[in-house]
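Subject: Structure handover

Hello,

Here is the structure we spoke about handing over. Please have it open while you read the notes below it.

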Amino acid sequence: MIKILLADDHALVREGIKSVLERKSKLISVVAEVSNGRDMLDYAAKHKDVDVFVADIAMPVLNGIEATQKLTKLNPDAKVIVLSMYDDRASVEKAFKAGARGYVVKVSTADEIIDAIKEVHAGRFYLCSKVSKYVVQGFLGKAMPSKKDPSGLTPKEKQVLQLIAEGYSSKEIAKEFNLSLNTIHVHRNNIMRKLDIHKQAELVRYAIKEGIAHL
């Protein structure tokens with residue numbers, strides 16, 4: 001039996017995936033569901049019953065990329081499949097650089113998700129058909145070199161920027177991180193200064209473009 005943790009901030013999505021997995025494969029069991037990357041890390045720290053983590057790329061507190069990076073740093077043997085609405089090269093590259101072993105877009109068939117789980121559980125890598133083209137392009141020498149992050153944002157500032165882009169107010173962000181409202185204002189001002197961006201809409205556009213937030 002392959003034991004799965006589902007991480008997605010939409011309960012209906014989790015229920016749908018769980019239903020499909022358990023209906024179509026008797027070898028897969030969903031042992032845990034969480035709604036953000038932080039809860040995924042907390043569960044992994046307290047329990048050792050997960051064989052494969054299936055994590056949405058866009059989640060509050062910690063998104064799927066950040067959570068995967070932290071999880072695989074603590075446990076290099078952790079097996080993560082990133083589930084995403086996005087099939088762009090940047091998102092795929094960031095997922096695998098963070099330590100993911102599989103990448104599946106949400107429009108994939110149930111069979112592809114099951115295949116991904118089986119392949120990753122067996123110690124192999126998996127790309128769904130929607131994004132496997134990037135591997136071919138890489139072999140043909142068409143892969144673009146990845147750019148270094150020139151922003152200078154700290155990890156905490158990126159987390160704050162993600163929530164800003166996702167529509168959270170400063171008060172809500174302060175509550176999410178258990179920080180004072182003044183500290184969040186300082187983070188916001190530092191983000192704007194470093195990026196030389198001073199309008200909310202432009203911050204949102206930057207966060208989406210750089211893959212910090214996915215709306």
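The notes go from the overall fold to the salt bridges and then to the surface charge.

Keep in mind throughout that this is a predicted model.

Overall fold

The protein chain has 10 helices and 6 strands. Its radius of gyration is 18 Å, close to the 17 Å that the globule rule gives for 215 residues, so the chain is as compact as a globular protein of that length. Measured out along the principal axes, the C-alpha trace spans about 50 × 45 × 30 Å. Of the 215 residues, 46% count as buried.

One contact across the sequence can be read from the backbone. Ile17 and Ile113 are separated by 96 residues in sequence, yet their C-alpha atoms are 9.1 Å apart in space. Ile17 belongs to helix H1 and counts as buried because its relative accessibility is 14%, where the limit is under 20%.

Salt bridges

As background, side chains of opposite charge can pair when their charged atoms come close. In this model the count comes to 7 salt bridges. Three of them are described here.

Lys106 and Asp8 form a salt bridge through their side chains, at 3.1 Å from N to O. Lys106 sits in the loop between strand E5 (102–105) and helix H5 (110–121), and Asp8 in the loop between strand E1 (2–7) and helix H1 (11–24), so the pair ties together parts that are 98 residues apart in sequence. Which partner is buried and which is partly exposed? Asp8 is buried, at 3% relative accessibility, whereas Lys106 is partly exposed, at 29%. The pair also belongs to something wider: Asp8, Asp56 and Lys106 are linked in a network of salt bridges.

Glu33 pairs with Arg14 in another salt bridge, with the closest N and O atoms 3.2 Å apart. This pair links distant parts of the chain, since Glu33 is in strand E2 (residues 28–34) and Arg14 is in helix H1, 19 residues apart. Here the acidic partner, Glu33, is partly exposed with a relative accessible area of 30%, while Arg14 is buried at 14%.

The side chains of Lys24 and Asp111 meet in a salt bridge too, at 4.0 Å from N to O. The link runs between helix H1, which holds Lys24, and helix H5, which holds Asp111, with the two positions 87 residues apart in sequence. Both ends are partly exposed: Lys24 has a relative accessibility of 46%, and Asp111 has a relative accessible area of 43%. The distance equals the cut-off for a salt bridge, which is within 4 Å.

Surface charge

Which residues gather in a patch of positive charge on the surface? They are Arg38, Lys70, Lys73 and Lys156. Lys70 is found in helix H3 (residues 64–74). With a relative accessibility of 34%, Lys70 counts as partly exposed. That value also clears the bar for joining a patch, because patch residues need over 30% relative accessible area.

Regards

Notes:
Residues are numbered from 1 along each chain as its sequence is written. This is a predicted model: local features need pLDDT of at least 70, side-chain atom pairs count only at pLDDT 80 or more; totals for chains, interfaces and linings use all residues. Side-chain values use heavy atoms; hydrogens and water are left out. Patches are made of residues with over 30% relative accessible area and no salt bridge: like charges are joined within 9 Å, nonpolar side chains (Val, Leu, Ile, Met, Phe, Trp, Tyr) within 5 Å. Accessible areas come from the Shrake-Rupley method with a 1.4 Å probe; for residues, only the protein chains shown count as cover. Lys and Arg count as positive and Asp and Glu as negative; His and the chain ends are not counted. The place of a charge is taken as NZ of Lys, CZ of Arg, CG of Asp or CD of Glu. Helices (H or I, at least four residues) and strands (E, at least two) are DSSP runs, numbered from the N terminus. Buried means under 20% relative accessible area, exposed over 50%, partly exposed in between (1.4 Å probe, protein chains only). The radius of gyration is taken over C-alpha atoms; the globule rule is 2.2 Å times the number of residues to the power 0.38.
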